Number of protein chains: 2
Amino acid sequence: MKIYKLISAIFLCLPGLVQAQHIDLQKTTERHLVNGVKLLNELVSIPNDSNHPDQLVPNLEWCEENFSNRNWSIQQLATKGFPLMLASYEVEATNKTVLFYFHVDGQPVDRKKWNQADPYTPVLKKINESGDWEEISMDKIEEGIDDEWRIYARAVSDDKGPLAMFLTAWDAMIAEGHLPNYNLKVILDFEEEIGSPNLPAAVLDHREKLKADMMLIMDGPRHLSNEPTLSFGARGISEITLTVFGPRAAQHSGHYGNYAPNPALRLSKLLASMKDDEGRVIIPGFYDGINLSPEEKMILDAVPDDEAEIKRKLGIGFTDQVGSNYQESIQYPSLNIRGLGSGWIGAESRTIVPADATAEIDIRLVPESDPERLFGLVRSHIEEQGYHILDREPTDEERMKYPKLVKWKGTISYQAFRTPFDSEPGIWLEKAFIRAFAKSPIKIRISGGSLPISPFVDALGFPAVTIPTVNSDNNQHGPDENIRLGNYREGIMTALSILTEKL
Amino acid sequence: MKIYKLISAIFLCLPGLVQAQHIDLQKTTERHLVNGVKLLNELVSIPNDSNHPDQLVPNLEWCEENFSNRNWSIQQLATKGFPLMLASYEVEATNKTVLFYFHVDGQPVDRKKWNQADPYTPVLKKINESGDWEEISMDKIEEGIDDEWRIYARAVSDDKGPLAMFLTAWDAMIAEGHLPNYNLKVILDFEEEIGSPNLPAAVLDHREKLKADMMLIMDGPRHLSNEPTLSFGARGISEITLTVFGPRAAQHSGHYGNYAPNPALRLSKLLASMKDDEGRVIIPGFYDGINLSPEEKMILDAVPDDEAEIKRKLGIGFTDQVGSNYQESIQYPSLNIRGLGSGWIGAESRTIVPADATAEIDIRLVPESDPERLFGLVRSHIEEQGYHILDREPTDEERMKYPKLVKWKGTISYQAFRTPFDSEPGIWLEKAFIRAFAKSPIKIRISGGSLPISPFVDALGFPAVTIPTVNSDNNQHGPDENIRLGNYREGIMTALSILTEKL
């Protein structure tokens, strides 16, 4: 069946379809760059905070119109939240199918922190002679685009930029009279920035419609060196909220300090017992199954990380010692305290023994980590510290009965995924990249951050690879989010190389 | 000189002054109780949040008027903040002098949390047949006052109630044709609830005007048993704010979890290293100098604490093991984490490695604790954990140089004080209490909470004793602050017994 498909694909390619070598990627991209920037400006002008679903409707409408105009068929896939949008373009029923993923929503904006009137009105900037970013008229793009110029707007990099690159590359390809030699599906997620809570169930509901031979995710920044990059996986993520209880209500620290057990101390001791001074989890079994082979270490060493520069950028002189370098560190699950709270701090602090203390923890997952198993290990460890674990506030009886009480809330958002370098998309994409950039991309075994891709991979069983294109200093999620126009240009070229690469 | 004073005092007593046995404390109190409640209601109707100095002015004016009307001489003592008020009444220049302390300001109010329209409009309540507190008309006091009724208002117990008790007792004494056989000074603090930040310097500035033979503090609740109580000291208080630094800005926990050191974990480990599982400080030397003798343990055992009831009230089945019972626990300095904060918790939590983590600590002091020495011990301990201590944010150079960085801010608010039971005021007050209640008061060696009294004791060298009168369930500092009218009545009688006790 597979051989039949391959033969028929080759056969079907012959008559009128594209031969990759017939298109000049650089010149074709150049001809469409100005229109591509206009398309991007139009798209980022639509507010898209997924905490406000009413903002998402005009985004969905824009996407429906822009794929329909290009002769794609579109449909909404219902979820328990905002719908997904699926766009399809069938070149030939018997060809292979590639599923592209983008998300259209953006992070919230704190307008006061932006250096422009409206984060949804794109602003073009260049570095002036004093080394500062200076606004220049958007009309300047008509006279030629400098790679170092940047456009500032919410979602311009994350992830409307890549979607506009893809559409621009499509237009460029069509203008050159070409078509891919494979069928395409594009799935658009409108809830990524709120953790895609409805995605896993929706992917199962709509699995027939999402079937494909591989999935390509266009999201996220390139390697810090800004060289062309492919990323073959992403860590998954799960969350734990721990609340340790002291007295039923906060007590006067004079009257009851030295008497009523302090939940902030208890929580500190509990958290401290989980990791060593170098940031390694010391709960037995937490890293089981991860044994980096010499070959795998070579793959990781091939990534040209400048760790001195990373440390300088982060303002840290020393790092945790989970792995012996940055790439190794993200091959392991993490156990990160993302938030702590008890009583009050700063001007609001009060002389109390607090009633409770809370830690927010995220556990990033790798394919070797079964999150249920990790949760079990952490729970057992907490019990070994003398705690009785509840899934709610304790009753008065429980308060009197147990010396140590903790409330546990655990959520598994989604699993990790990791695709081999020598998988079909790995080999194919490398060819496209070499055609575009005349060299192999940097290949990331797994990225530290999480993407809601494992629901697709698990439900549909295809390999998935991420194609990051934007500059790593794009201030993703922050104020002054931006895209470097050189990255935008090369992103269009990247998409064009993939669209025109024979599969 | 001292003997001369004593003889002249006895001599001067003879002609027209009070003989204590000539006044019926109970009946005299009863006759003035209704007027006393009206005086209290008038006083608590003046808002008195010391975070808003403009609210304090009418309080000061009320006090000036009410002491002037009673033929006391008044003056304001300047401080760097709101002035203190000093009222003096000289019976005979050569007599002894007793300095009374009250504070007039109150805690802030969160109106939403009160079960009455205005915390500054006193409300009378009784327990109805269903066992709930039910409002009754304030006019009811004219028909007879039930000891179990309560008045609800901000500062009604803390500390306007005791001031109104004192003035009512004064009026009752004068109405009976009596005067004390000692001179009186009353110092009124308007900044107690914000920690009396300007008091220590002001006491030094005005030490000549504050000279006295002893100081009596009328503030705070009686022992939990609600039996007549004397308290011979109070722990002092100092505060430390520790901020541990991670990356310069919060980082994505996916990209840098396992790599960038997490300040919340670092802080947890640091705090955990300071105390054992039973809440005892394990920094060597912290408890030095405190060795409770068998006699002292007997004194502590004589306090009729119902620890099962305390634990039930607090909702704790088990206590810290600093002392072997409640009274012992407060003979030691405490090291209490009153607040913790890092990143965000709850609905606001974000997947980050936080930039920093802060702990707010209060150290309650006992007379054996030199706060500078304790600060030194804690600082040495922190350094032994590998930290470089700063008094400000780290520079980029320091971030690269030191593996562990912490910012330290330490403040010594005021020291502890403790007066012997067999001191002059101890013996004298016991006689007054026996006359009023026909039994010895419960004697507390030191109270766990702090009072800004040591600046007086240190500057003026006199003994100080606290006379707590209000019910312990008065919700001091909270919403629905109240005073039990039986305590108000007995408080007036207590003040009257002291005013009429021969010194």
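Which residue is the bridge partner of A:Gly339 in S13(B)? In this predicted model, that partner is B:Gly343, and the views below start from the strand pairing to which the two glycines belong.

**View 1. Strand S13 of chain A pairs with strand S13 of chain B across the interface.** The two strands, each spanning residues 336–343, run antiparallel and are joined by 5 bridges, among them the one that links A:Gly339 to B:Gly343. In general, strands of a sheet pair through backbone hydrogen bonds, in either a parallel or an antiparallel arrangement.

**View 2. The interface of chain A and chain B includes a salt bridge between B:Lys404 and A:Asp277.** The side chains of these two residues meet with an N to O distance of 2.8 Å, and the count of salt bridges between the chains is 2. Polar contacts across the interface involve 44 residue pairs, with both residues at pLDDT 80 or more. On the side of chain A that touches chain B, strand S13 of chain A gives the most, with 8 residues, and by class this side has 31 nonpolar, 28 polar and 20 charged residues. Contact between the chains engages 79 residues of chain A and 79 residues of chain B, while the area buried between them is about 6,700 Å², of which carbon and sulfur atoms give 54%.

**View 3. Four strands of chain A form an open sheet in the order S5-S4-S6-S21, with antiparallel pairing.** Strand S5 (133–136) and strand S21 (482–484) are the edge strands, each pairing on one side only, and neighbouring strands of the sheet are turned by 35° against each other on average, direction ignored. Within this sheet, strand S4 (residues 123–127) and strand S6 (residues 150–152) of chain A are joined by 3 bridges, and A:Val123 has A:Tyr152 as its bridge partner in S6(A). Helix H16 (residues 485–499) of chain A lies across S4, S6 and S21, running at about 70° to S21(A).

**View 4. Cis peptide bonds join Asp158 to Asp159 in chain A and in chain B.** Omega is about 15° for the bond between A:Asp158 and A:Asp159, and about 15° for the bond between B:Asp158 and B:Asp159. A:Asp159 is placed in the loop between S6 and helix H4 (160–175) of chain A, and B:Asp159 in the loop between strand S6 (150–152) and helix H4 (160–175) of chain B.

**View 5. A:Ala438 has a positive phi, near 60°, although the residue is not a glycine.** A:Ala438 sits in the loop between helix H14 (424–437) and strand S19 (442–444) of chain A. Most residues other than glycine have a negative phi, just as most peptide bonds are trans.

Key
Residues numbered from 1 in each chain as written. Chains lettered and ligands numbered in written order. Heavy atoms only, no water. Contact = heavy atoms within 4.5 Å. Buried area = accessible area lost by both parts, 1.4 Å probe. Salt bridge = Lys/Arg side-chain N within 4 Å of Asp/Glu carboxyl O. Polar contact = N/O pair within 3.5 Å; in protein donor to acceptor, adjacent residues only side chain to side chain. Nonpolar A, V, L, I, M, F, W, Y, C, P; charged D, E, K, R; others polar. Pairing = 2+ DSSP bridges. Axes fitted to C-alpha atoms, helices over the stretch in contact; angles between N-to-C directions.
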